[in-house]
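Subject: Structure handover

Hello,

Please find the structure below, with my notes after it. The notes begin with one of the helices and work outwards from there.

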Amino acid sequence: SGQLTRHLRRMGPIYQARQQVLRSALQTRFGDACPVLGGQAGLHLVLRLPDGPPDTAVARAAWAHGVAVRPLSAYYAGQSGANGLLLGYGIADEQRIPELVGRLARAAGR
């Protein structure tokens, strides 16, 4: 029926704009010490965290600040994984992204 194609055409620019706002806010708050990975497909980015508090602790602190993120280490089976966070932006309000990244930065001690 073409509904999926229409949906993707309509939402693509919206998701791209959200991703750009998220990338910009992450760069402002975390800088080059925390590289951002991904973005070529999907609705998530990965924020790599430097040595310091484990991503599980940062994710719990973020939740306490009203920000839901997933620890990257949870996606590694049977080995210690990379220290980082999985950040979804599919349903994020573009106008609130900088505020939410600010909360995340406070939770991460930045």
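In helix 3, the residues Ile97, Leu100, Val101, Gly102, Leu104, Ala105 and Ala107 are buried. Their packing partners are helix 1, strand 2, helix 2 and strand 4. After helix 3 comes Gly109, which has a positive phi, near 75°. Please keep in mind throughout that this is a predicted model.

For orientation, the chain holds 3 helices and 4 strands, arranged along the sequence as α-β-β-α-β-β-α. Its C-alpha trace spans about 50 × 35 × 25 Å along the principal axes. The chain has 110 residues, of which 34% count as buried. Taking contacts between residues at least 6 apart in sequence, 62% join residues at least 24 apart.

Helix 1

Helix 1 covers residues 3-30, 28 residues in total. From first C-alpha to last it reaches 39 Å, close to the 40 Å expected at 1.5 Å a residue. The helix has a kink of about 35° at Met11, shortly before the proline Pro13. Gly31 follows helix 1, and its phi is positive, near 65°.

The buried residues of helix 1 are Met11, Arg18, Gln19, Leu22, Ala25, Leu26 and Phe30. Their cover includes strand 1 (36-37), strand 2 (44-48), strand 4 (84-88) and helix 3 (97-107). Two of these residues are worth a separate look.

Gln19, in helix 1, has a relative accessible area of 9%, so it counts as buried, the cut-off being under 20%. Apart from its neighbours within four places in sequence, Gln19 is in contact with Gly39, Leu45 and Tyr89.

Leu22 touches Leu45, Leu87, Tyr89, Ile97 and Val101, again without counting residues up to four places away in sequence. Leu45 and Tyr89 therefore appear in the contact lists of both Gln19 and Leu22, where contact means heavy atoms within 4.5 Å.

The core

In soluble globular proteins, nonpolar side chains tend to be buried together. Here the largest nonpolar core has 23 residues. Those with the most contacts inside the core are Leu22, Phe30, Leu47, Val69, Leu85, Leu87 and Leu104. Two or more core residues come from each of helix 1, strand 2, helix 2 (55-64), strand 4 and helix 3. Which element gives the most to this core? Helix 3 does, with 6 residues.

The pocket

The largest pocket has about 350 Å³ of space. Its lining is made up of 17 residues, and Val67, Ala68, Gly88, Ala92 and Leu100 are the ones nearest its centre. Strand 4 and helix 3 each supply at least two residues of the lining. The largest share, 4 residues, comes from helix 3. Leu100 is thus listed both among the buried residues of helix 3 and among the lining residues nearest the pocket centre.

In short, helix 3 gives the most residues to the largest nonpolar core and the largest share of the lining of the largest pocket. In helix 1, the points to look at on screen are the kink at Met11 and the buried Gln19.

Regards

Key. Residues are numbered from 1 along each chain as its sequence is written. This is a predicted model: local features need pLDDT of at least 70, side-chain atom pairs count only at pLDDT 80 or more; totals for chains, interfaces and linings use all residues. Side-chain values use heavy atoms; hydrogens and water are left out. The expected span of a helix is 1.5 Å times one less than its number of residues. The bend at a residue is the angle between axes fitted to the seven residues ending there and the seven starting there. Buried means under 20% relative accessible area, exposed over 50%, partly exposed in between (1.4 Å probe, protein chains only). A nonpolar core is a set of buried Ala, Val, Leu, Ile, Met, Phe, Trp, Tyr and Cys residues joined through side-chain atoms within 4.5 Å. On a 1 Å grid over the protein atoms alone, a cavity is a set of points where a 1.4 Å probe fits but cannot get out, and a pocket is an open set with protein on both sides within 12 Å along at least five of seven lines; lining residues have an atom within 4 Å of a point. Grid points are joined across faces, edges and corners, and a volume is the space filled by probe spheres set on the points.
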